[in-house]
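Me: I am new to this structure and would like to be led through it step by step. Could you show it to me before I start asking?

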Amino acid sequence: FDLTGQINGVPFDRLFLNASGVHCQSTTELDELLQDEFVGGAVTKSATLEKRAGNPAPRYYELANGSINSMGLPNNGFDYYIQYVLQFHAKPTILSVAGLSADDDIQLLNQIQDSDYQGLTELNLSCPNVIGKPQMAYDFEGTQALLQSVFSFFKKPLGVKLPPYFDLVHFDQITAILNQFPLTHVNSINSIGNGLWVDVASESVVIKPKGGFGGLGGKMVLPTALANVRALRQRLNDSIKVIGTGGVQTGADVFAHILCGAELVSIGTQLQAEGIGVYHRLTNELERIMADKGYTALADFRGKLNTI
Ligand SMILES: C=Cc1c(C(=O)O)[nH]c(=O)[nH]c1=O
């Protein structure tokens with residue numbers, strides 16, 4: 001089966017990635033992803049200029065139908081991750097960066113521009129858990145202005161990580177902005193921001209930061225993820241690929257993301273719950289569905305969702 005994809009001409013021999021934030025904070029975790037035969041590439045934890053401890057624990061909680069997190073951008077700092085992606089790796093890496101402000105974003109991207117790194121970069125515009133900071137991608141004017149200044153100096157491959165949108169007019173507005181820029185891809189969705197889970201037995205929230213508010217992931221977000229992948233694919237220039245992230249638990253979920261137009265598919269909550277073996281299982285389940293339908297390649301059905 002041909003399970004390949006490509007971003008900006010960078011070939012991925014497998015469609016699977018990790019969702020940034022999961023299994024990607026340390027070089028050990030990143031190596032384990034890149035050495036797995038069912039994984040196509042690895043995305044780093046979003047890097048900030050300086051190393052961060054993140055929010056107080058408990059900050060991640062597994063639910064029956066997904067997860068809630070308010071990690072608070074814990075990461076080993078930009079230098080740690082750029083050094084990693086500058087090393088030779090047999091598979092593609094995506095360097096994720098997340099400033100705590102637009103100025104930080106500019107600084108991070110200037111450092112990448114001035115470095116020898118020639119691989120893919122992803123600007124995270126959607127972290128919902130930095131206390132006191134809004135998600136940039138919900139500020140359309142701010143996103144336009146930021147990308148305007150970024151592309152005045154950044155000449156290397158760049159994609160953006162987007163939060164979920166919930167209004168068709170918002171899909172029109174954000175893609176009208178993104179289509180102005182030579183982006184390699186959008187990665188959609190980030191977690192659904194500021195959900196809340198209540199444990200009835202203890203009559204309490206389940207994570208400590210922000211009074212229990214955190215980003216939602218896993219099974220429960222699949223319909224939102226599929227809608228965002230589909231809506232973005234329908235509106236973005238063909239040159240801007242869509243990486244589908246959110247809600248994948250089974251091969252059927254992967255198949256649905258590809259039908260909606262995803263070039264590659266990221267696994268977050270299920271990777272956290274199941275471990276690296278999730279990729280072998282998802283590959284088997286996806287290939288069984290493809291075989292039943294007579295497909296031999298993702299390209300046979302990518303973006304070909306039927307409407308009624
Ligand atoms: C980069 C911070 C993010 C975090 C976090 O570090 O809290 N959690 C998410 O679900 N998405 C993010 O983008």
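Reply: In this predicted model, a polar side-chain atom of Ser191 lies 2.8 Å from an oxygen atom of the ligand, and that is a good place to begin. Taken alone, the ligand exposes 330 Å², of which the protein buries 91%.

Me: How many residues surround the ligand, and which are the closest?
Reply: The ligand sits in the largest pocket. Sorted by class, the shell around the ligand has 5 nonpolar, 8 polar and 1 charged residues. The shell is made of 14 residues, and the closest are Asn69, Leu73, Cys127, Asn190 and Ser191.

Me: How far from an oxygen atom of the ligand is the polar side-chain atom of Asn69?
Reply: Asn69 is listed among the closest of the residues that surround the ligand. A polar contact requires N or O atoms within 3.5 Å, and the distance from a polar side-chain atom of Asn69 to an oxygen atom of the ligand is 2.8 Å.

Me: Which residue has a polar backbone atom 3.1 Å from an oxygen atom of the ligand?
Reply: For Asn69 and for Ser191 the atom facing a ligand oxygen belongs to the side chain. Here, by contrast, a polar backbone atom is involved, at 3.1 Å from an oxygen atom of the ligand, and the residue that carries this backbone atom is Met71.

Me: Is Asn187 buried or exposed?
Reply: Asn187 is found in strand 10, which covers residues 185-188, and the side chain of Asn187 is joined to that of Glu122 by a polar contact of 3.2 Å. Buried means a relative accessible area under 20%. Because the relative accessibility of Asn187 is 3%, this residue counts as buried.

Me: Where is Gly40 found, and what separates the C-alpha atoms of Gly40 and Lys91?
Reply: Gly40 is found in the loop between helix 1 (27-34) and strand 4 (42-43), and with a relative accessible area of 0% Gly40 is buried. Although Gly40 and Lys91 are 51 residues apart along the chain, their C-alpha atoms are separated by 6.6 Å.

Me: Is Pro157 buried or exposed?
Reply: Pro157 has its place in the loop between helix 4 (140-150) and strand 9 (158-162). From Pro157 to Gln113 the separation is 44 residues in sequence and 9.9 Å in space, taken from C-alpha to C-alpha. Since the relative accessibility of Pro157 is 16%, Pro157 counts as buried.

Methods
Residues are numbered from 1 along each chain as its sequence is written. This is a predicted model: local features need pLDDT of at least 70, side-chain atom pairs count only at pLDDT 80 or more; totals for chains, interfaces and linings use all residues. Side-chain values use heavy atoms; hydrogens and water are left out. A residue is near a molecule or strand if one of its heavy atoms lies within 4 Å of it. A polar contact is a pair of N or O atoms within 3.5 Å; within protein, one must be able to donate a hydrogen and the other to accept it, and residues adjacent in sequence count only if both atoms are side-chain atoms. Accessible areas come from the Shrake-Rupley method with a 1.4 Å probe; for residues, only the protein chains shown count as cover. On a 1 Å grid over the protein atoms alone, a cavity is a set of points where a 1.4 Å probe fits but cannot get out, and a pocket is an open set with protein on both sides within 12 Å along at least five of seven lines; lining residues have an atom within 4 Å of a point. A molecule sits in a cavity or pocket if more than half of its atoms lie within 2 Å of its grid points. Ala, Val, Leu, Ile, Met, Phe, Trp, Tyr, Cys and Pro count as nonpolar, Asp, Glu, Lys and Arg as charged, and the others, Gly among them, as polar. Helices (H or I, at least four residues) and strands (E, at least two) are DSSP runs, numbered from the N terminus. Buried means under 20% relative accessible area, exposed over 50%, partly exposed in between (1.4 Å probe, protein chains only).
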